[in-house]
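Trainee: Could you take me through the salt bridges of this model with care, looking closely at which parts they tie together and how they sit in the fold?

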Amino acid sequence: MGRKEDNIKKAKDLMHDLDHIRNIGTAAHIDHGKTTFSDNLLAGCGMMSEELAGKQLVLDYDEQEQARGITINAASASMVHTFEGKDYLINLIDTPGHVDFGGDVTRAMRALDGCVVLVCAVEGAMPQTETVIRQALREKVKPVLFINKVDRLINELRVTPEEMQQRFVKIITRFNELVNRTVPDEFKGKWTVKVEDGTVAFGSAFYNWAISAPYMKKTGLSFKDIYDYCKNNDQKALAKRLPIHEVILDMVVDNLPSPAQAQKYRIPHIWKGEIESEIGKSMVECKDTGPLALMINKIIIDPHAGEVAVGRMFSGKIVRGQEVYVAGMPKVNRVQQVNLMVGADRIPVDFVSAGNIVAATGIKDAIAGSTVSSNPDTEPFEKIVHVSEPVVTVAVEAKNAKDLPKLIEVLRMVSKADPSIQVEINQETGENLMSGMGELHLEITEYRIRNEHKVDIVCSEPIVVYRECVGKKSPNEFEGKSPNKHNRFYIEVEPLPEKVVKAIYNGDIPENVKKFKKESAKLLQDLGMDRDVAKGAFGIRGLNMIADVTKGIQYLFETRELVKEAFDEVMKRGPTASEPCQGLLVKLVDAKLHEDAIHRGPAQVIPAVRNAIYGAITISEPLLLEPMQKVFISTPQEIMGDATRELNQRRAVVRDMTTEGDVVNIDAKAPVADMFGFASAIRSATGGRVLWNTENMGFEPLPRNLQPQVVKQIRERKGLKPEPYPASYYMG
């Protein structure tokens, strides 16, 4: 029996021993060494050859990942590590660092209890480092720090031992600043990292060595010795004395929580059901004898096994042949296979119990973010809140008409496997739109459709997704009449306060307002909303809200669902450019309804309310919001001019500039629409001598002078009349 099989056998035995399980992930800025690092951990535990560790990149098993040298998918692996004479089961998820795949990081964090954040010793904490720390803390995942690429400091930058220590202090201080900024109140001061308590390690994932304070005591090696080893180019001997997997996994076992500890504080945060119920108690105590509760965080499409649902078991056991329910879906699903994962391999086991990460086939209705349970009425887990949303779209067509039904099927599968890809299939126009986080995200998805799903497709140039809003409150209410002229609705719109938009986005105010009626009204008032409007809120769509501020109107309650339907319709497609609305507060201020129910059915109410909302937006200074990106550039001083010139051509605004030695760091923001092709442009402008990256930062109003031209382009592309309709058009 090889070490790998031996490991799997041990893993099966350890699955029930909650104190000896750690669910951890890697998280870092792109190219800070996560996958190389994961390789070393796997090799040390006998899951792959030690010689190839750091070169084979087992968890980058996708063909595109190998070709591009970046991680695209979060991949998981289970391994066994011995610490102080006891065996521990480590479930590891390796996450992507590129901003376009940030959704995968957020979803992976839901399955974890702790994470190792990697920071490059040369580059220090970068923008994406800040984002991954925020993603981890939002899910109450405890971080520890690994400072990677220490060998480069010594051999490339030729720093002295004193300068090296100063760099480390700077990185640790910055890391703690970022943690303190977003850490939940109950862990303030408890989750910061310190060298002396073993929550910080230093090393080189590429050369397979690492060191931490407890390990220094154990081996008697000091920073001075490490410096000498690196200087003398003897890192192989260093790797033998300080194997990275031992140092890191000791740190993980010693400092990161077990599922039994973590679920006590994580469950009330990610599940809003009744904690005193049977399933609530079972999850908090992480019982494998309780009802099944499994949260799916990833769907893998396997050419042979079909859809594989990977997720975290919070309660109960999942067994082959078991009947399970996916929250919100009517049908029963039958589990066909239960597996543990090691990169691309799935190892079949009879069952997996609470506190572990499982890969199961047969749960057809599951998508990333679904709740799977043994009871159809189980309260689902909280919605996973992503840091950014899709901002770039391409139109996808099948090259051959005969492939059209297959393409629609494939697009549905793609959006199921990667929820950060949004697919809109328009039956009327036959247009299929695919939206993603950025150019690279869409490029890789297109590649997969062509090569893995074997559908020949033609894609349009990338287009930017805009949002519609208003610049001011309606000067007066707008009347919408029903086609039979018997019903009238009076609507006002205004911008929704920024704090309320944030609360909806973070999931503090649920989309299903009825469910939390009292709490929502109180929360809205606390956020500065008028009392009557807060109490009258009855619908949310996207980041928009509708409120009923009328007084004592007969029959209105019966037609409220229809009013909400009309509101939903308008929020999907605004009047200015037929783009989704964002940050709108729609108020129903008055209504006149026919006493006979037959005259106020859907065919009368929906068009009347729809026209009233369209008209109210049209008279309230309609605005287009465009997606923005933060752009960070690190450039040598002599070519700074070329880099800033490239930014200026793209409507970028430089927010900050700092100088470190002969390097200038530029922090700017630019519209996504003007950033296409930036990668090749900045490379050729600077001879490839700059480091740069981007991060999505939400939507901002498009400059007024550009609005007419952009609106016209969008409308013509969608086959609409070039000019938006005036308010008189909606008066009926």
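Mentor: In this predicted model, a good place to begin is the salt bridge in which the side chains of K564 and D568 meet, with N and O 3.1 Å apart. Both residues belong to helix α19, which spans residues 556-572, and because they are 4 residues apart there, about one helical turn separates them. K564 is buried, since its relative accessible area of 17% falls under the 20% limit, and D568 is likewise buried, at 14%.

Salt bridges that share partners also join R110, D113, E139, R266 and R312 into one network. Within that group, E139 forms a salt bridge with R110, and the closest N and O atoms of this pair are 2.6 Å apart. E139 lies in the loop between α5 and β5, whereas R110 lies in helix α4 (residues 102-110), so the pair ties together parts that are 29 residues apart in sequence. E139 is buried, with a relative accessible area of 4%, and R110 is buried too, with a value of 2%.

A further case is the salt bridge between the side chains of K218 and D250, at 3.9 Å from N to O. Here K218 sits in helix α8 (residues 213-219) and D250 in helix α11 (residues 244-255), so this contact links parts that are 32 residues apart in sequence. K218 is exposed, with a relative accessible area of 56%, while D250, at 11%, counts as buried. Counting every pair with a side-chain nitrogen of Lys or Arg within 4 Å of a carboxyl oxygen of Asp or Glu, the model comes to 32 salt bridges.

How values were computed
Residues are numbered from 1 along each chain as its sequence is written. This is a predicted model: local features need pLDDT of at least 70, side-chain atom pairs count only at pLDDT 80 or more; totals for chains, interfaces and linings use all residues. Side-chain values use heavy atoms; hydrogens and water are left out. Helices (H or I, at least four residues) and strands (E, at least two) are DSSP runs, numbered from the N terminus. Buried means under 20% relative accessible area, exposed over 50%, partly exposed in between (1.4 Å probe, protein chains only).
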